[in-house]
Amino acid sequence: MERNEALEIVKPHLTKHRYEHTLGVMETAIRLAERFGADKKKTELAAIFHDYAKFRDKEEMRLLVQNVLSDRLILEYGTELLHAPCGAYYVEHEVGINDSEILDAIRFHTTGRPGMTLLDKIIFLADYIEPGRTFPGVEHVRELAENDLDAAVVQAIENTIAFLMKRRQLIFPETVATFNSLVKDKKREK
Ligand code: DGI
Ligand code: FE
Ligand code: FE
């Protein structure tokens, strides 16, 4: 699928602000793919569709997770997490993309997962550092992403977990498992 066709499909599902975020993620992700050697077409499509379900009805997504995706746990951690796994499902069944690497990058773009693929990391990070993002500490993650993808991902996760803790929000166990997995990989390198 060509870029413009994909953008036309996703556009009506997003607000103007979220569409601009998506363009930022796409451009950032492609730059990361060039730098770290990922497939550019897969990166482009995963980025374009990563927030496809951001504005879907929450109740519809809860039912999908419960009845079709059979994931009880995620339902206990607030509604923000739903759009990632539900997005992967809708992109497969409504848009017709069936590449499992693209679908996984969408599925895990909010929480990560232990043993993230290169494409997972690129989409996760591009979502965090695209030019429209202004979180405290984002500039440091952008610098890390210049030459150490894993260091950048682990820093983004640290920031997210700290942000959630400060607000007394629940931390999804897979987010912590992703952090642990990256820290273990780092220790093994030494
Ligand atoms: O969809 P975006 O806004 O572009 O970004 P995203 O998919 O990373 O979603 C960010 C939201 O997800 C933000 O509100 C924090 C929330 N989030 C990320 N990790 C966790 C989480 N929420 C909970 N409860 N637990 C997590 O581990
Ligand atoms: Fe998202
Ligand atoms: Fe996003």
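**Cavity, metal site, core and pockets: a short presentation**

The largest cavity is lined by K54, K58, M61, T79, E80, L82 and H83. I begin there, and I should say at once that the model before us is predicted. The space inside this largest cavity comes to about 30 Å³, and the structure holds one cavity of 30 Å³ or more. By class, its lining has three charged, two polar and two nonpolar residues.

One of these lining residues, H83, leads us to the metal site. Which residues coordinate the iron ion listed as ligand 2? They are D51 through OD, H83 through NE2 and H109 through NE2, at 2.1 to 2.2 Å. Along the sequence, these donor residues follow the spacing D-x31-H-x25-H. D51 and H109 link distant parts of the chain, 58 residues apart. D51 belongs to the loop between α3 (40-49) and α4 (58-67), while H109 belongs to the loop between α6 (100-107) and α7 (118-129). Are these two residues buried or exposed? Both D51 and H109 are buried. There is also a second iron ion to consider, ligand 3: it lies 3.6 Å from ligand 2, and D51 coordinates both.

Let me turn to the nonpolar core. As a general point, nonpolar side chains in soluble globular proteins tend to be buried together. Here the largest nonpolar core has 59 residues, and the members that touch the most others are F49, V91, I97 and L125. Let us take F49 as the example. Setting aside neighbours within four places in sequence, F49 is in contact with M1, A6, I9, V10, V91, V95, I97 and I106. Two of these partners, V91 and I97, were named a moment ago among the residues with the most core contacts.

Finally, the pockets. The largest pocket has a volume of about 820 Å³. It is lined by 29 residues, of which T110, F135, T160, F163 and L164 are the closest to its centre. Which elements give two or more residues to this lining? They are α2 (16-36), α7 and α9 (149-166). Of the elements, α9 gives the most, with five residues. The lining as a whole divides into 11 nonpolar, 11 polar and seven charged residues.

The second largest pocket has a volume of about 200 Å³. Among its 14 lining residues, D71, I74, P85, R107 and F108 are the closest to the centre. This lining comprises eight nonpolar, three polar and three charged residues.

Definitions and conventions. Residues are numbered from 1 along each chain as its sequence is written. Chains are lettered from A and ligands numbered from 1 in the order in which they are written. This is a predicted model: local features need pLDDT of at least 70, side-chain atom pairs count only at pLDDT 80 or more; totals for chains, interfaces and linings use all residues. Side-chain values use heavy atoms; hydrogens and water are left out. On a 1 Å grid over the protein atoms alone, a cavity is a set of points where a 1.4 Å probe fits but cannot get out, and a pocket is an open set with protein on both sides within 12 Å along at least five of seven lines; lining residues have an atom within 4 Å of a point. Grid points are joined across faces, edges and corners, and a volume is the space filled by probe spheres set on the points. Ala, Val, Leu, Ile, Met, Phe, Trp, Tyr, Cys and Pro count as nonpolar, Asp, Glu, Lys and Arg as charged, and the others, Gly among them, as polar. Donors are N, O and S atoms within 2.8 Å of the metal (3.2 Å for Na, K and Ca); water is not among the atoms, so sites may look incomplete. Helices (H or I, at least four residues) and strands (E, at least two) are DSSP runs, numbered from the N terminus. Buried means under 20% relative accessible area, exposed over 50%, partly exposed in between (1.4 Å probe, protein chains only). A nonpolar core is a set of buried Ala, Val, Leu, Ile, Met, Phe, Trp, Tyr and Cys residues joined through side-chain atoms within 4.5 Å. Contact means heavy atoms within 4.5 Å.
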